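This report describes the overall build of one protein chain and the way its parts meet. The sequence and structure come first, followed by the description.

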Amino acid sequence: MEPTLYFRPGTCALSEMILLEWIGEPYRAVRVEKAQTALPGFRALSPHGTVPVMRFGDLVVYENNALIAHLADTHPNAKLLPPAGTPERAIANQWMSYLDSGFHVAHYPLFKASKFAEDEALHPVLAETAKKRVAEHLGFVNTHLEELDFFLLGQRTALDAYFTAIGRWARRWFDYADQFPAVDRFLLAMDEDEGVRRAKAIEAGEIEAPSGALQALLAFEA
Ligand SMILES: N[C@@H](CCC(=O)N[C@@H](CS)C(=O)NCC(=O)O)C(=O)O
């Protein structure tokens, strides 16, 4: 049975979609609507109601970093991450943790303000403060990417997929070309990658039953 990815468009679950496209084996992509993430059927897969979640037969896994590591470890030929136990993997793990608990989390007050302050009058303050934190993170990544085409090793890895998914969000608040030109260049280059193009088309609902790696695009039914 092919693996199943549960995703919502515009989210970090694009990371796994890109990795599955790079792996090139059949998979199923199940689109979950925001309201459905509260349903018991979805919470049984993802207790916090978050995407991505993946099912591999009887195994169900959520959390980006766990999924990225599992996809990489079970598909060594795809070279999504350096082999476990190497110095290169330690640095890849460092970046994965940073992207998850640093970069990604900095956006939360912008996307889920009510979880940080029940008083709606405080939400604009939260948003402005969070935008400053996000800008700091974009500046950090921008400096890292200044001389690089990829995050690590001079070659495409899962980190590039992860940042392609989460690095796009702040374009609505910042002019990347002007403020974070290396990030802008990186994301535009990634958009030329065939796997990224396909994953984004699937996410946007533009590909429904294509040939190639995608086995099926389904809607979630609890
Ligand atoms: N730590 C989790 C975070 C996942 C996460 O925040 N996913 C977002 C989409 S990018 C989500 O599903 N948010 C819905 C919510 O939290 O209600 C992971 O890395 O998988």
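The overall dimensions of the chain agree with those of a compact globule, because a globule of 222 residues would have a radius of gyration near 17 Å and the protein chain has 17 Å. The model is a predicted one. Along the principal axes, the C-alpha atoms occupy a box of roughly 45 × 40 × 35 Å. Of the 222 residues in the chain, 34% are buried.

The secondary structure consists of 10 helices and five strands. Among contacts between residues at least 6 apart in sequence, 66% join residues that are at least 24 apart.

The chain is divided into two domains, and domain 1 is made of two segments, 4-79 and 195-219, while domain 2 covers 87-193. Between the C-alpha centres of domain 1 and domain 2 the distance is 20 Å. The table gives the bounds of each domain and its share of the contact.

| Domain | Residue range | Residues in the contact |
|---|---|---|
| Domain 1 | 4-79 + 195-219 | 12 residues |
| Domain 2 | 87-193 | 13 residues |

Which elements give two or more residues to the side of domain 1 that touches domain 2? They are helix H1 (14-23), helix H3 (64-74) and helix H10 (194-203). By class, this side of domain 1 holds seven nonpolar residues, four polar residues and one charged residue.

Notes
Residues are numbered from 1 along each chain as its sequence is written. This is a predicted model: local features need pLDDT of at least 70, side-chain atom pairs count only at pLDDT 80 or more; totals for chains, interfaces and linings use all residues. Domain bounds come from an automatic or database domain assignment. Two residues are in contact if their C-beta atoms, placed from the backbone, lie within 7 Å. Helices (H or I, at least four residues) and strands (E, at least two) are DSSP runs, numbered from the N terminus. Ala, Val, Leu, Ile, Met, Phe, Trp, Tyr, Cys and Pro count as nonpolar, Asp, Glu, Lys and Arg as charged, and the others, Gly among them, as polar. The radius of gyration is taken over C-alpha atoms; the globule rule is 2.2 Å times the number of residues to the power 0.38. A residue is buried if 20 or more other C-beta atoms lie within 10 Å of its own, exposed if 12 or fewer, and partly exposed in between; C-beta atoms are placed from the backbone.
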